[in-house]
Amino acid sequence: MSKVNFLKPDKANLNTFLYLGTFLFFISIFDVFLNSFFNVNLTGFLPNFLSFLLPLILGFIGLYFIRIEYSGIKNLDLLNKHINTNNFNAILSLLIIFVIIKSLPPILSWFVIDASFAGDTKDVCTGSGACWTYIKVWMRRFMYGMYPNAEQWRINLSFISLVLLGAVGYFATDRFKKYLTLYYVVIYPLIAFLFIFFFISGGPVFFDFSYGIIAAILSIIIGFFIPSKFRFYYFLIVPILLYIVLKYFIFFEEYIELGKLDGLNWVETGAWGGLSLTFIISFFCLIFCFPIGMAFALGRRSGFPLIRYISVGFIEFWRGVPLITVLFMSAVMFPMFLPEDFFIDKLVRAIIAISLFEAAYVAEVIRGGLQALPRGQYEAAKSLGMGYWKMHIFVILPQALKLVIPGIANTFLALVKDTPLIFVVGLLEIVGMLNLAKTNPKWLGFAMEGYVFAAIIFWIICYAMSKYSYNLEQKYKTDR
Amino acid sequence: MNFRPKDIVPQLITVIAVVLIFGFFTYNAQINMENRGIDFGYGFLSQESSFDVQFSLIEYDGSHSYFRAYLVGLLNTILVSVIGIIIATILGVIVGVARLSPNYLINKFAAFYVEFFRNIPLLLQIFFWYFAALRALPLPQDAEAIFGIFFLTIKGLYVPAFIWQNFNVFFYSIVAAVIAIIVIRIHAKKVQESQGKQIPVFFISIGLIFILPLLSFLLGGVSLSFEVPVLKQLATTSFIYEGGVSLPPELIALTLSLSLYTATFIAECVRAGIQGVGKGQKEAAASIGLTPNQVLKLVIMPQALRIIIPPTTNQYLNLTKNSSLAAAIAYPDLVLVFAGTALMQTGKAIEIVSITMFTYLTLSISISILMNWYNKKIAIQEK
């Protein structure tokens, strides 16, 4: 065995360095581990300062010793390549390992070990850990807001049915695939609206708006059997005719009482809240902001200067102001702009405000997609004799929308994250409910648990959405 | 020039629709205001505001005008945005670079940070810091000093105040140093382009920025002393710190959450920018004999910055707009002071909301105009 030069680890003395280095490295981790999990300080006999830094120094020396290039041991090479490339990286790696080991015990004990789960009063929460009892007791409020407990099955049933109906696309056979766009763009939102309006809120079935919906559904269904040559004129005339017929000849006032779904109490929107309200608002804003955004994106690229200026003005206005002022506007300023006896529900006002706000962002994203398309696509479509609408619907938009899927998904993600702001108009979704529960005199002092709970829920939703959008992006990338 | 109806009709319809909508709104607003006996006008801005604001950068109390209250709110918004932007940029650049690190642990740690903070609503984060985390801080009498001069308590952060003598001289010396650095940089660039010589600009700049202010201390009669906050007992259980500067917990919670949140987006911009520079560029630069430092400074950074800056500015704008969430935790920013308190007092909904929106609009549009100009300047000039 040749002379060992400790300042320069080399391959000749591989084993010496390996054993020594691994030993030192594990000693340092062991020290921190004991220190943080069992509160034992191995190096307590040393001066304070040295005792504090010793694991780092030992670990550093250990990592220095095992940093041998091309050692021939696969795992060692992998380790060196990934966390031990040079002195600086070695120290950073050690610090991160120490931070993780140090922070695990307090987090674990707060979340699980010292936390209280049982019981349903504040008295059980005596430990130093989290009081999950609080979440358990308030769960219904966090999920459903002030919605009456006895009626909550309505929300559950609606959401389950809507999720099932939304999943139809995955099971559709090729024969029905071509109708999917129509289903998702027109029919599904309508069904969702009907569910939320009639089932969750328990409103009267036959009011003016519902005639329109029935007329629209009927005319779309009949529309499939009309030869495509006449379809345009059909859709121009028949829905309106149907509406008039339905309103004035078939349904009469006395049906209104009949139409109320039996046994469903009216629950005003002020009582809606919690996570279900987050979903409802995000869902409707998502549905509304997309077509509006698309219209303004096309408007901004239009050849007509006046339409272009109006679109630019709209987009820049909404993008330039914070959402909270928009909601302020919808709460205090918007009612001034309406006729006196005309009242719009505050939930609807909030949905309109958020939709317009997000529509401006969607418009910019879609414009990016439109600009990214090569000009050849436009020219090719025009040379086939297509008009403006035909060209956009069949050639430009399908390609442009495919390009901007990640951008759209990001906007929707921002939308979901913005929903807590509706506290401005006095609606309490999950974060608002937390703030309310926090001030309840029986349950003071559990702010942390509440916010952590909401953060976990939001994190799961948003992370799942961002991963999904990433997957979509990858999927469509290969298509092009 | 021949006008075809096909060109005119759609525009005409749109304009008429827009005019009708606006007309409808104005008409209703007029009737509503008449019925409620409110008159439209901005005269209230000069009236006495008669409400107080807890935290203000300029002198303000209830006897000042509403316009002064507006200024207080605006300055507070700007203060939070500027601090937030500085912290977010530093953090974002560090995390963005860390995400490109070959070190697996650092890389994952940075990724974890980004995924964690990006996917939680900002409002929730603000609430968390303000209502949960900062409430766990000690009371003033129990607080331990950090480095002997800072006190972090439930009532806010107390930092020493700077007491300057002849501050002007010091200020001018810094301005002189900055001007000198700019001149040297321009000169160095000229020398490099014409003769290929490198002047160590970086060291000269560091020297200048230290030496000139130091000279002002030695020759200009500038002196600086600190006023350390001191605990003072008001009653048996009530303590406060006197002296120094106190930063309210609202400001701390807000800047903390804004910068942690925005830093994740900036980190992604930085990462995309550095990744966006082709590998070939790096290799080409190395092959003509540039040192790694020069590669970074002369080849990678100028190209990466071109990709990084536009989206990052967007994030700065977002941060400024998001600072309006301050209203939720009662930090006296523009929205809370003006669109909140002042609106409640005067009832002038249309005027106040429109002024608030217009202010934000001016801020963001002026920044985006500046950015467009900058983008044009640094864009690759194709021949």
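Visitor: How many helices and strands does chain B have?
Guide: Eleven helices and eight strands. Both are DSSP runs, numbered from the N terminus: helices are H or I with at least four residues, strands are E with at least two. This is a predicted model, where local features need pLDDT of at least 70, side-chain atom pairs count only at pLDDT 80 or more, and totals for chains, interfaces and linings use all residues. Residues are numbered from 1 along each chain as its sequence is written, while chains are lettered from A and ligands numbered from 1 in the order in which they are written.

Visitor: And what does chain A have in helices and strands?
Guide: Chain A comes to 21 helices and one strand.

Visitor: Is chain A compact or spread out?
Guide: Chain A is more spread out than a compact globule, because its radius of gyration is 31 Å, well over the 23 Å that the globule rule gives for 480 residues. The radius is taken over C-alpha atoms, and the rule is 2.2 Å times the number of residues to the power 0.38. Along its principal axes, the C-alpha trace of chain A spans about 105 × 70 × 45 Å.

Visitor: What about the radius of gyration of chain B?
Guide: Chain B has 27 Å, where a compact globule of 383 residues would have near 21 Å. Its C-alpha atoms fill a box of roughly 85 × 80 × 50 Å along the principal axes.

Visitor: Back to chain A. What part of it is buried?
Guide: 30% of its 480 residues. Buried means 20 or more other C-beta atoms within 10 Å of a residue's own; exposed means 12 or fewer, and partly exposed lies in between, with C-beta atoms placed from the backbone. In chain B, buried residues make up 30% of the 383.

Visitor: New topic. How many residues does each chain give to the contact?
Guide: Chain B gives 46 residues and chain A gives 43. Two residues are in contact if their C-beta atoms, placed from the backbone, lie within 7 Å.

Visitor: Which element gives the largest share on the chain B side?
Guide: H1(B), with eleven residues. Other elements giving two or more include helix H9 (292–322) and helix H11 (349–378) of chain B.

Visitor: What kinds of residues are on that side?
Guide: On the side of chain B that touches chain A, 32 are nonpolar, eleven polar and three charged. Nonpolar covers Ala, Val, Leu, Ile, Met, Phe, Trp, Tyr, Cys and Pro; charged covers Asp, Glu, Lys and Arg; the others, Gly among them, are polar.
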